[in-house]
Amino acid sequence: MVARSYQDFVRCITECGIPAFVSFDHDMADEHYAHHTHPIPYTSYAHPTGYDCAKWLIEHCKAISAPRPDFIVHSLNPAGRENIERVMKA
């Protein structure tokens, strides 16, 4: 399955279950492409990022006592990639 927004990501996992593998992209809306350095201004975004998806997934896994899936981050945004990797590995 491909999720191109936070809402799609949550819906896919809620309806189909936690996948065995997730490939994350950080920048999911045009507004995200302007910020590829630290700190990323997450509170100023109108649309959630792949980082928000990763945070939701970790909380969802905890809530249902499921292991986190294997993952990669294919994002070209180095700051966003680092944020996703940090939350997924924590």
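How many aromatic pairs does the count come to? The count comes to five aromatic pairs. The model examined here is a predicted one, and this report places some of those pairs within the overall fold.

## Overall architecture

The protein contains three helices and two strands. Along the sequence these elements are arranged in the pattern α-β-α-β-α. The radius of gyration is 12 Å, close to the 12 Å given by the globule rule for 90 residues, so the protein is as compact as a globular protein of that length. Taken along the principal axes, the C-alpha atoms fill a box of roughly 35 × 25 × 20 Å.

Of the contacts with a separation of 6 or more, 66% are accounted for by residues 24 or more positions apart. Several of the residues described below take part in contacts between separate parts of the chain, including Phe-9, which touches Cys-53, and Phe-21, which touches Ile-72.

## Surface and charge

Buried residues make up 37% of the 90 residues. The protein exposes about 5400 Å², of which carbon and sulfur atoms supply 55%.

The protein carries 8 positive and 11 negative charges. The mean positions of these two groups of charges are 6 Å apart.

## The aromatic cluster around Phe-9

One aromatic cluster is formed by Phe-9, Phe-24, Trp-56 and Phe-71. Within the count of five aromatic pairs, Phe-9 and Phe-24 provide one example. Their ring centres are 6.0 Å apart and their planes stand at 45 degrees; stacked pairs lie under 30 degrees and edge-to-face pairs over 60, so this pair is tilted. The pair links distant parts of the chain, since Phe-9 belongs to helix α1 (residues 6–16) and Phe-24 to strand β1 (residues 21–24), 15 residues apart. Both Phe-9 and Phe-24 are buried.

Why does Phe-9 count as buried? Its relative accessibility is 9%, and buried means under 20%, so Phe-9 falls in that class. Leaving aside residues up to four places away in sequence, Phe-9 touches Ala-3, Val-22, Phe-24, Cys-53, Trp-56 and Leu-57. Two members of the cluster, Phe-24 and Trp-56, are thus among the residues that Phe-9 touches. The C-alpha atoms of Phe-9 and Cys-53 are separated by 6.8 Å, although these residues are 44 residues apart along the chain.

## The tyrosine pair

A further aromatic pair is formed by Tyr-42 and Tyr-51. This pair is tilted, with 4.8 Å from centre to centre and 35 degrees between the planes.

Are Tyr-42 and Tyr-51 buried or partly exposed? The cut-off for a buried residue is under 20% relative accessible area. Tyr-51 has 16% and is therefore buried, whereas Tyr-42 has a relative accessibility of 21% and so counts as partly exposed.

Tyr-51 is found in helix α2 (residues 50–63). Apart from residues up to four places away in sequence, Tyr-51 touches His-26, Tyr-42, Asn-83, Ile-84 and Val-87. Tyr-51 and Ser-23 are 28 residues apart in sequence, and their C-alpha atoms are 12 Å apart in space.

## Phe-21 in strand β1

Phe-21 is placed in strand β1. Its relative accessibility of 45% lies between the limits of 20% and 50%, so Phe-21 counts as partly exposed.

Which residues does Phe-21 touch, not counting residues up to four places away in sequence? They are Pro-69, Asp-70, Phe-71 and Ile-72. The C-alpha atoms of Phe-21 and Ile-72 are separated by 8.2 Å, and the two residues are 51 residues apart along the chain. Phe-71, one of the residues touched by Phe-21, is also a member of the aromatic cluster.

## Backbone features in the loops

His-38 and Pro-39 are joined by a cis peptide bond, with omega about -15 degrees. Pro-39 is found in the loop between β1 and α2.

In the loop between α2 and β2 (70–73) lies Ser-65. Ser-65 has a positive phi of about 55 degrees although this residue is not a glycine. With a relative accessibility of 69%, above the 50% limit, Ser-65 counts as exposed.

How values were computed. Residues are numbered from 1 along each chain as its sequence is written. This is a predicted model: local features need pLDDT of at least 70, side-chain atom pairs count only at pLDDT 80 or more; totals for chains, interfaces and linings use all residues. Side-chain values use heavy atoms; hydrogens and water are left out. Helices (H or I, at least four residues) and strands (E, at least two) are DSSP runs, numbered from the N terminus. The radius of gyration is taken over C-alpha atoms; the globule rule is 2.2 Å times the number of residues to the power 0.38. Buried means under 20% relative accessible area, exposed over 50%, partly exposed in between (1.4 Å probe, protein chains only). Contact means heavy atoms within 4.5 Å. Accessible areas come from the Shrake-Rupley method with a 1.4 Å probe; for residues, only the protein chains shown count as cover. Lys and Arg count as positive and Asp and Glu as negative; His and the chain ends are not counted. The place of a charge is taken as NZ of Lys, CZ of Arg, CG of Asp or CD of Glu. Rings of Phe, Tyr and Trp (its six-membered ring) pair if their centres lie within 6.5 Å; planes under 30 degrees apart count as stacked, over 60 as edge-to-face and the rest as tilted.
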